[in-house]
Amino acid sequence: MQRLGIDDVQGNEMHVFVNKCLDLLIAIQTSLLSIIENEKDATERDYLGVRDLRLVHTLLQVVISWGMYPYFLPGVGVPLSKRVKSGYTNHELLTQDPKGSTEPSAAENATQLLNNTRALMDMISKCQTVAASKNYTTVGSILLARHLPDLFAALLQLAYAPKPQPKMTPANIHDPSMFLSPADGITPAERDKCARMFAWLFARADVHRCMESLMLLLGTSPLHPVPGWLRSICGRFLSKILLRPDGVATVIEFTVGDVEQVSLDQLEKVSKLVLTVPQQMPSVESYYTAIAPQLLRLLKDNIRNSKTRVCQVVTFIIGRMITTHIGLSKAVVVDKVTGALVKSWEEIKEDMEDDVEALSEDDMEQMLKILHQMMVGGEPSPVVIQTFVGDAVVPLYHLYDFTIKSKSGLRETILDILITYFRIMTTGEILNDLKTIVLSKRDLSGARQAFFAAGPSGGVVLRMSKSARPLGGNELPIDPAVMIEFIQKINNPELCGDFFLFLLNQYTSLQSLSADPRLMLLILQLVMGMQDTLGTEILSKPEQIIGFANNVVDDYVDRLEQVKQRHGSKKKSSVVDIANIVSDEDREAMENMPTEEDIQNDLESLVMSINLLRAVMHENDELSPRASQLLESSLGPLKRLESYRMQELQEPVHELTLAITSYVSAQKMTGVKKKDGVDESRQKFIDAMKALQDDLLPVRAHGIGILRDMVLAKDPLVSSAEGLDSVLDIFIRLVQDEDSYIYLNAIKGLSALTDIHGNKIIEKLGIIYADEKESLDNRLRVGEALLQTVQRSGDALSLYSRCQDCAAGKQNILTDYQSAVW
């Protein structure tokens with residue numbers, strides 16, 4: 001101190017030394033600015049050498065450590081012990097407690113802090129007046145680069161720290177000056193000036209440095225608690241950074257850094273920081289409206305530059321916005337992405353002179369990339385996915401259909417978006433979307449003006465036609481093959497079954513109405529295509545399919561009977577009685593009665609239903625009790641249908657009836673209570689029934705052989721009333737088979753029944769043989785079984801009969817059979 005010419009400091013050595021350091025820094029700054037301002041030609045060389053920089057850094061460290069931090073309130077600023085150690089100064093010397101110094105008052109501390117801070121701010125402000133100084137290292141630039149947190153801490157304390165209450169003593173309690181003078185030594189005008197200095201510095205300093213400084217002042221250690229007022233002020237100015245044009249990008253870049261993979265904890269922190277509504281914002285709506293454009297711009301730019309880290313963060317933030325405020329986020333974010341597509345798809349414009357472009361190629365590609373990032377790159381939240389794609393799923397599917405036909409490069413992107421949506425949503429929601437796509441009246445009639453077309457660069461554009469674009473010929477609004485392939489890629493068996501049942505019901509209901517033939521063609525192609533392509537996936541709900549098929553068969557048989565009744569009434573009324581006037585009710589009933597043409601048109605649905613029943617049995621080894629009951633209930637309508645002997649239905653109905661009979665018999669045997677000696681017989685019977693349902697002839701013949709052996713062995717399962725009737729019914733159906741390998745074995749089975757059970761079976765076979773409604777082939781085959789029994793019995797035939805008349809009747813059967821054969 002003596003070398004500086006200071007003799008009497010009275011314990012204020014540090015204070016005096018700090019002032020001398022400030023004077024020296026001001027002199028250095030003044031000289032530098034004078035040289036820079038008078039420099040005619042800009043150069044890249046710097047005026048401060050290494051020793052000069054060492055001196056400036058040392059002086060600044062002394063000013064900050066001895067001239068500012070001793071006057072900070074507890075919790076304000078970065079602790080000196082936590083600061084980065086500098087190679088320019090003695091860190092231990094600057095951080096030790098001063099010895100021998102007197103304890104100043106709060107007012108003196110505040111005054112000293114104000115003076116030192118003001119001096120440092122003056123050096124920064126003078127640099128701003130010299131434009132050329134930005135290219136050189138100055139004292140002001142070093143302050144902005146290295147000591148911005150210290151300046152922020154000092155200015156915020158001077159401007160916003162709560163005023164201390166004056167100490168009241170008996171001596172000054174009646175002194176008015178105690179309430180007139182500020183207790184902290186700073187006047188309101190000086191506080192206001194400090195607030196304005198902080199705002200000025202905050203606006204001009206680098207935004208990343210501001211962000212870092214405010215985050216440092218907020219602190220992270222519980223050992224250094226930050227006062228509430230400072231935390232509130234720092235949060236307010238952090239929010240102001242967010243509200244800047246690139247504020248969100250700054251916050252994300254500062255918070256996340258340069259890490260390759262962002263952790264979930266980091267994502268949660270940055271989303272909470274960005275989505276916390278500042279106090280200065282009047283509402284959530286105004287705040288979201290301010291930051292939403294920044295988020296979308298960030299997403300677009302980083303998708304284009306392939307910066308997955310930032311895209312991941314922005315996607316997470318948008319997802320949190322939507323889950324918190326769905327309606328608001330949809331308005332400020334989602335509608336900005338898909339709004340143009342949804343609006344144009346449903347829009348109707350009149351008086352258009354020519355086609356116009358509603359969505360350009362670049363806009364379309366950008367929209368799809370954002371959707372793809374939200375669907376695939378974000379967390380799989382049903383709320384987020386529904387909000388983004390829910391309204392746009394129909395035009396997006398039509399876009400996918402167009403890209404498949406045009407072989408556009410966007411098809412994989414659209415497929416990923418749609419597959420993600422359809423896999424995340426519930427089956428009911430997906431089914432409603434598919435119904436909307438298939439049953440759209442505007443698309444079927446060609447009334448929709450919006451359509452997709454190839455872009456100039458190989459992409460896709462959305463155009464608006466000046467008039468309706470009706471479909472030509474057999475053209476369909478969507479390609480059935482594309483939809484079936486798309487449903488297959490969703491890989492949801494429950495959806496396949498529900499959608500298939502919907503198509504079946506829709507098709508049968510449309511047949512009874514004067515529906516659009518193009519819609520019927522579309523549904524029919526979808527049904528047939530799903531049967532051929534998806535196979536077992538459409539049979540995931542056998543109960544519903546069996547119920548549907550039963551309704552179709554039952555309805556078809558009722559129509560056949562109505563037609564039969566009409567023909568019968570025409571034959572009876574050969575003479576018209578003009579006096580007998582037909583009532584309106586009778587006339588209406590006759591008009592609603594199906595014609596032969598209607599029956600023929602419904603034949604396709606009937607064949608499809610029969611095939612469905614067969615497929616359900618083929619693909620399901622075990623059915624639920626409810627499905628088994630429905631299957632058994634279908635035997636009645638099928639037998640009625642079989643009695644009409646329609647050429648195209650005879651074989652499939654016969655095979656289906658046999659398969660159902662075998663299955664039902666096996667199910668009943670499965671439910672028989674276990675008894676000694678019955679388990680083996682039951683298993684044989686079940687094996688026989690399964691063999692009879694097989695498509696291979698040798699396997700079916702093997703099943704017939706098992707049944708025949710059980711009959712000859714007088715097995716109890718096939719000797720009782722119910723078991724015997726089941727076996728007899730099966731053999732009678734098998735003799736109707738077209739293949740000789742099957743019906744000859746069935747004849748042997750009938751012969752075995754007559755041998756073992758005698759008169760009971762012979763009488764039933766005789767009734768079938770004598771029935772003229774039965775086909776000739778069927779009667780002949782039954783007669784052959786009877787013939788074999790008669791021939792083996794010889795003179796003992798009378799033993800099978802209760803009276804001689806019955807024996808004579810059986811002898812007549814023999815004679816008739818021989819006549820028919822010859």
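**Exercise 1. List the contacts of R442 beyond its sequence neighbours, and place the residue in the fold.**

Step 1. Set aside neighbours within four places in sequence; R442 is then in contact with W345, E346, E347, I348, A447, R448 and Q449. Contact means heavy atoms within 4.5 Å.

Step 2. Check the ground rules. This is a predicted model, in which local features need pLDDT of at least 70 and side-chain atom pairs count only at pLDDT 80 or more, while totals for chains, interfaces and linings use all residues. Residues are numbered from 1 along each chain as its sequence is written, and side-chain values use heavy atoms, with hydrogens and water left out.

Step 3. Locate the residue. R442 sits in helix α21, residues 441-445. Helices (H or I, at least four residues) and strands (E, at least two) are DSSP runs, numbered from the N terminus.

Step 4. Look for a polar contact. The R442 side chain reaches the backbone oxygen of E346 at 3.2 Å. A polar contact is a pair of N or O atoms within 3.5 Å; within protein, one must be able to donate a hydrogen and the other to accept it, and residues adjacent in sequence count only if both atoms are side-chain atoms.

Step 5. Compare sequence with space. R442 and A468 are 26 residues apart in sequence, and 9.7 Å apart from C-alpha to C-alpha.

**Exercise 2. Follow Q449: is this residue buried or exposed, and which backbone oxygen does its side chain reach?**

Step 1. Q449 lies in the loop between α21 and β2 (450-454).

Step 2. Its relative accessibility is 5%, so Q449 counts as buried. Buried means under 20% relative accessible area, exposed over 50%, and partly exposed in between (1.4 Å probe, protein chains only).

Step 3. The Q449 side chain reaches the backbone oxygen of S465 at 2.8 Å.

Step 4. Beyond neighbours within four places in sequence, the contacts of Q449 include R442, E347, M352, M464 and S465.

**Exercise 3. Contrast K407 and S408: which is buried, and which counts as exposed?**

Step 1. S408 is in the loop between α18 (393-406) and α19 (411-424). K407 is also placed in the loop between α18 and α19.

Step 2. S408 is buried, with a relative accessible area of 5%. K407 counts as exposed, at 67% relative accessibility.

Step 3. Not counting residues up to four places away in sequence, S408 touches T403, G458 and V460.

Step 4. Read the backbone. Phi of K407 is near 55 degrees, a positive value in a residue other than glycine.

Step 5. Find another positive phi. N491 has phi near 60 degrees, and this residue is not glycine either. N491 is in the loop between α22 (480-490) and α23. At 55% relative accessibility, N491 counts as exposed.

**Exercise 4. Describe the nonpolar cores.**

Step 1. Start with the background. In soluble globular proteins, nonpolar side chains tend to be buried together.

Step 2. Define the object. A nonpolar core is a set of buried Ala, Val, Leu, Ile, Met, Phe, Trp, Tyr and Cys residues joined through side-chain atoms within 4.5 Å.

Step 3. The largest nonpolar core has 208 residues, of which L120, F388, L396, M483, F499 and L641 touch the most other members. Helix α23 (residues 493-511) gives the most to this core, with 10 residues.

Step 4. Leaving aside neighbours within four places in sequence, F388 has contacts that include I318, V333, L371 and M375.

Step 5. A second, separate core has 36 residues, among them L728, F731, V735 and L765.

**Exercise 5. Use E561 to connect α25 with residues distant in sequence.**

Step 1. E561 is in helix α25. At 29% relative accessibility, E561 counts as partly exposed.

Step 2. E561 and L641 are 80 residues apart in sequence, yet 9.8 Å apart in space, C-alpha to C-alpha.

Step 3. Beyond neighbours within four places in sequence, E561 is in contact with R640 and Y644.

**Exercise 6. Put the whole protein in numbers.**

Step 1. The secondary structure comes to 38 helices and three strands.

Step 2. Of the 822 residues in the protein, 46% are buried.

Step 3. Take the contacts with a separation of 6 or more: residues 24 or more positions apart account for 75% of them.
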